[in-house]
Amino acid sequence: MKIIAQNKKARHDYFILNTIEAGIELKGTEIKSIRNGQCNLKDSFVRIKNGEAFIENMHISPYKEGNIFNVDPRRTRKLLLHKKEIRKLEKEIMQEGLTIVPLQLYFNTSKAKLEIAVAKGKKNYDKRQSLKEKDMKRDIDKALKNAY
């Protein structure tokens with residue numbers, strides 16, 4: 001599994017409740033740009049419309065040798081999910097404060113896959129608490145490493 005892009009901000013801003021792997025409907029030059037690592041998941045989100053899931057604001061840079069075949073870098077792309085999965089996601093986000101965010105884009109064998117998560121937004125004090133725990137864990141690991 002080769003990870004292309006990660007959304008680190010999502011793990012900082014949200015509590016991750018559960019994750020799902022989804023395929024993406026891409027054009028020819030987009031997959032070439034992804035293979036070159038020209039992709040950004042920051043500020044992207046998933047929206048469900050008419051029983052279909054779409055990812056919005058995902059930036060895929062235009063392929064340099066693509067000339068007229070390049071498409072809009074921030075176009076809305078369809079996610080490839082089963083109907084049951086889409087219905088399940090739709091029921092979960094009906095709850096107040098829940099949303100669907102992409103976590104990472106990676107290649108599983110030769111296909112580009114997107115890991116999406118149902119998430120709940122963190123408050124500022126939750127973010128500070130997470131950073132404190134992370135710092136404490138890093139200090140403990142560093143102390144243990146120096147003890148050996």
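How many salt bridges does the count come to in this structure? In this predicted model, the count comes to nine salt bridges, and a few of them offer a way into the fold.

One of them joins the side chains of E30 and R75, with 2.8 Å from N to O. Because E30 lies in helix α2 (residues 28–35) while R75 sits in the loop between β6 (59–60) and β7, this pair ties together parts that are 45 residues apart in sequence. Both E30 and R75 are buried.

Another salt bridge, at 3.1 Å from N to O, brings together the side chains of E52 and K78. Since E52 belongs to strand β5 (residues 52–56) and K78 to strand β7, the pair links parts that are 26 residues apart in sequence. E52 is partly exposed at 31% relative accessibility, and K78 is partly exposed as well, with a relative accessible area of 27%. Elsewhere, salt bridges that share partners join E30, R75 and R77 into one network.

R77 itself is found in strand β7 (residues 77–80), and with 0% relative accessibility it counts as buried. The side chain of R77 reaches the backbone oxygen of M58 at 2.9 Å, and a polar atom of that side chain lies 3.0 Å from the backbone oxygen of P73. Among the residues that R77 touches, leaving aside those up to four places away in sequence, are E30, F54, I55 and D72.

At the surface, I140, L144 and Y148 make a nonpolar patch of about 410 Å². Y148 lies in the segment after α4 (124–147) and is exposed, with a relative accessible area of 84%.

How values were computed: Residues numbered from 1 in each chain as written. Predicted model: local features only at pLDDT ≥ 70, side-chain atom pairs only at ≥ 80, totals over all residues. Heavy atoms only, no water. Helix = DSSP H or I, 4+ residues; strand = E, 2+ residues; numbered from the N terminus. Buried < 20%, exposed > 50% of the residue type's maximum accessible area, 1.4 Å probe, protein only. Polar contact = N/O pair within 3.5 Å; in protein donor to acceptor, adjacent residues only side chain to side chain. Contact = heavy atoms within 4.5 Å. Patch = residues over 30% accessible without salt bridge, like charges linked within 9 Å, V, L, I, M, F, W, Y side chains within 5 Å. Areas by Shrake-Rupley, 256 points an atom, 1.4 Å probe, with all protein chains shown as cover. Salt bridge = Lys/Arg side-chain N within 4 Å of Asp/Glu carboxyl O.
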